[in-house]
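Subject: Handing over the model

Hi there,

Here is the model I promised to pass on to you. Have a look at it first, and then read my notes underneath.

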Amino acid sequence: MQITQWNIISEGLDQQRRYSRDALFTIGNGYFGIRGFFEEDDQGIGALGGLYMAGIFGKGEVDVVSGPSRELCNIPQVLRLRIILDGEKVALDHIQDFSQELNLQNGVYTRKYVWTSKTSARFALVFERFARMDQVQEIWQRLTVVALDSSATLKVQSLMDSNVTNLNWASKEPWPIQPGRDHIASRTLRDNQMQIQLDDADDTVLCIAQKVKAYSGYEAVTSSPYTGDRECGSVFETTLAVNAPFVLEKAVHVYAPRMDARQEQAQAAFLDAATTYDEAFEKHASCWLKRWNTADIQLLAPERDQGALRYNLFELMAVSPQHTERVSIGARGLSGEMYEGCVFWDNEIFQLPFFYWSDPKSAHRMLRFRYHTLPAAIERAKELWFKGALYPWQVSEKGKEQTIVEGGAYYAIHITADIAFAIRQYVELSQDADFLQNGAFEILVQTARFWVSRCDADPADGKYHIRSVRGPNEYDVYVDDSAYTNYLAAYNLRSVAWAWGILKQRDAEQSQRLADSLGLISKEAELMQEIANNLVIPATEDGMLILEDNRYRERRPLDLTKIDTGGKRLIDSVMPYEALPLYQITKQADVVLLMNLFPHNFTDQQKKTAYEYYEPRTAHDSSLSYSPHGLMAARLGLMTEAYDYFEKSVLLDVEDRQMNTVSGIHYANFGGTWQIVFYGFMGISVNGDTLCISPRLPKQWQGFSTKFYFRGAVFQIQYRNGELSTELICGDGKYMVMLEDEKFILSNEKPKAIVKKSL
Ligand code: BGC
């Protein structure tokens, strides 16, 4: 894999890695996710493509907790190309100089190769595509064919192919891919238009239309319409002269009336418009440029680190929904079918921080998704005899519990507090009190009510306990007093008074009306506070080591370095699942993660003790584990370890380090990589009202520069040659900034910028 400043390039066609490369080269715009599949391959599994739309789910097959089960649908492969040169179909044998390239600056995915016909004539082919950012319902594609040796006849079928099923990710690694469920109940095809009725309870219909043009030399090539059994489109026939490129440009528009009825007119307008590929590209690329403005982190560092970091950020931006609040980002986004396309806590704890600092509007939209699914969370709490709102562990766009019945993952109730945590973080960072008034306060109150009903007071110690939960360490199935869960639950409970205070100050009457509508009275808020202050956080007697749960230290010790997994990645592939809870083994960051979320609430000594204790006990059997360790190591100044974890995290999908990229790229890890860099290496945090910046770079890096949002303002920080500068780019307020150990106030008047020789 070649990684440059702005490109990820793979050379040579490696059949073994082909489908994990498909996932790696996923492009998107939050509406579509398009794996890097080969448009011209209509044979076997490759023909299924891998094209997903946010919120388009069909009937799933697994037995889930609050059925019916749903799974993200693989929609028709609308970019199908059949290319026939001198009567011979271009296929994937007889190719040379094969390369795949993702341009991170503008989201264009390009594939190239030279194909040799049976008569030894060579042809250069280039395939390009992008999911348009400024018109998210559109995908654009360009094919260029050049005869290198002799002229030839060329026939190209440019189609939309509905002969697809989902891919079936059998549950055992190394993921043998099989065709899976067919979600298409019926189809209506006509030339360049297709209507698909999905086989789901919502009767989802997809309306698809395409426009295709082609040129040979500078001459337009005419097309004839084509409608087959399960595919339709346009067919072009021409003669290729040597070195005179044939160029085909296509745009596809897809919408689901159930999701947005207005798109019917948009599709008609799309069909009427005379936009060219270059024109569409220009608008699309300028959207990406704007987006990178407050997201990019420019490094003075090895090119690989820079390019791979940008890849992580690119994929986060390419999946974040811009068009709706009704969906959020799944664990594997729109890049594969693992976890049925569902959303987890990954979103709030790992992914969202990138968005609140770089694109608060996107963060807001994703949190609003939790508001829209609050009724399902209230229903879930009721089903389980609790009060308030219990957010399900794994959800599709409907917000219902989609966790499989066996395994008990739905005991991971910390997700409810994770959502409350993210809301508070977002509101504190963006100062978006409107959101508190319109939805967020309701979530905070209902989730806090859940904790009140879920905890138990113990007269023996006068404390509150939360029993029988699963913390982030999912190898301990049902623990009592998970430190992570209790700490976040307490924060959730306290956040009600915090939010109410803000709302009262803003508009006392309005806030009272809101509290009345929720039936919230001071007494209830006081009880929440009292529970928060008395929830047990297990720790050693001296308080130095926070314990993952109340019995962690009673478990059997286990030296992870002595376990031979026989080349397999996960410890649970050699240890029986039933045995895991008996040992001091942590699946993924747990207490370390907790301390990362509240960096100013624990002493350096407590953090160091926790890191030293849990790090050797952590199996990293989840992609959510390297990055919290990297961040903590950076905060502790352990730069060699921090850089090592950074590498593992930033290259996780680029190098398929966990051998499961094939089933989708890992969005929580992308967000985690950003956290190591932003919070760890650049040393950014917020303490009360103060923005703190205290860089700690690994020795491989010499500097960085980035822009970000803080309290509605935009800041730029730069670090090079031991000099740290911070500038207020725009913002009306007065901002307290702590550069390493010195405090400054920045405002529009003066000073707007400060430069400091770093320690
Ligand atoms: C992790 C969970 C995570 C899920 C989806 C699991 O392996 O243990 O914490 O939410 O993957 O990414």
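Below is what I found, beginning with the ligand and moving on to the sheets and two individual residues. Please keep in mind as you read that this is a predicted model.

The ligand

The shell around the ligand is made up of Ala331, Tyr339, Phe344, Trp345, Asp346, Trp393, Glu474, Lys587, Gln588, Ser622 and Leu624. Sorted by class, that shell holds six nonpolar, two polar and three charged residues. Asp346, Glu474 and Lys587 each bring a side chain to the ligand's oxygen atoms. For Asp346, a polar side-chain atom sits 2.6 Å from an oxygen atom of the ligand. In the case of Lys587, the distance from a side-chain N or O atom to a ligand oxygen is 2.8 Å, and for Glu474 the corresponding distance is 3.0 Å. On its own the ligand has 310 Å² of accessible area, and the protein covers 90% of that.

The five-stranded sheet

One open sheet contains five strands, ordered β9-β8-β14-β22-β21, with antiparallel pairing. Its edges are taken by β9 (88-89) and β21; each has a single partner strand, so one side of each lacks a neighbour in the sheet. Further in, β8 (residues 77-85) and β14 (residues 152-161) pair over seven bridges in the antiparallel sense. If you want a place to look along that pair, Arg82 stands opposite Gln157 in β14.

At the β21 end, strand β21 (residues 223-227) pairs with β22 (residues 231-240) through five bridges, again antiparallel. These two strands form a hairpin, with three residues between them. Across this pair, Ser223 faces Phe236 in β22.

The three-stranded sheet

Another open sheet has three strands in the order β3-β4-β5, and its pairing is antiparallel. Here β3 (27-28) and β5 (51-53) are the edge strands; each has one partner strand, so one side of each is left without a neighbour in the sheet. Strand β4 (residues 32-34) pairs with β5 in the antiparallel sense over three bridges. Among the pairings, Phe32 has Met53 in β5 as its bridge partner.

Two residues to look at

Is Ser320 buried or exposed? Its relative accessibility is 0%, so Ser320 counts as buried. Ser320 belongs to the loop between α4 (303-319) and α5 (346-358). Its side chain reaches the backbone oxygen of Met317 at 3.4 Å, and a polar contact of 2.9 Å links it to the side chain of Gln322. Leaving aside residues up to four places away in sequence, Ser320 touches Asn29, Gly30, Ile329, Phe355, Ser362 and Met366.

The other residue is Arg368, which is found in helix α6 (residues 360-372). What does Arg368 touch, once residues up to four places away in sequence are set aside? The contacts of Arg368 are with Glu325, Phe435, Asn438 and Gly439. Arg368 has a relative accessibility of 14% and therefore counts as buried, the cut-off for that label being under 20%.

If you open the model in a viewer, you could begin with Asp346, whose side chain has a polar atom 2.6 Å from a ligand oxygen. From there you could go to the hairpin of β21 and β22, and then to Ser320 in its loop between α4 and α5.

Best wishes

Note on methods: Residues are numbered from 1 along each chain as its sequence is written. This is a predicted model: local features need pLDDT of at least 70, side-chain atom pairs count only at pLDDT 80 or more; totals for chains, interfaces and linings use all residues. Side-chain values use heavy atoms; hydrogens and water are left out. A residue is near a molecule or strand if one of its heavy atoms lies within 4 Å of it. A polar contact is a pair of N or O atoms within 3.5 Å; within protein, one must be able to donate a hydrogen and the other to accept it, and residues adjacent in sequence count only if both atoms are side-chain atoms. Accessible areas come from the Shrake-Rupley method with a 1.4 Å probe; for residues, only the protein chains shown count as cover. Ala, Val, Leu, Ile, Met, Phe, Trp, Tyr, Cys and Pro count as nonpolar, Asp, Glu, Lys and Arg as charged, and the others, Gly among them, as polar. Two strands pair if DSSP finds at least two bridges between them. Helices (H or I, at least four residues) and strands (E, at least two) are DSSP runs, numbered from the N terminus. Buried means under 20% relative accessible area, exposed over 50%, partly exposed in between (1.4 Å probe, protein chains only). Contact means heavy atoms within 4.5 Å.
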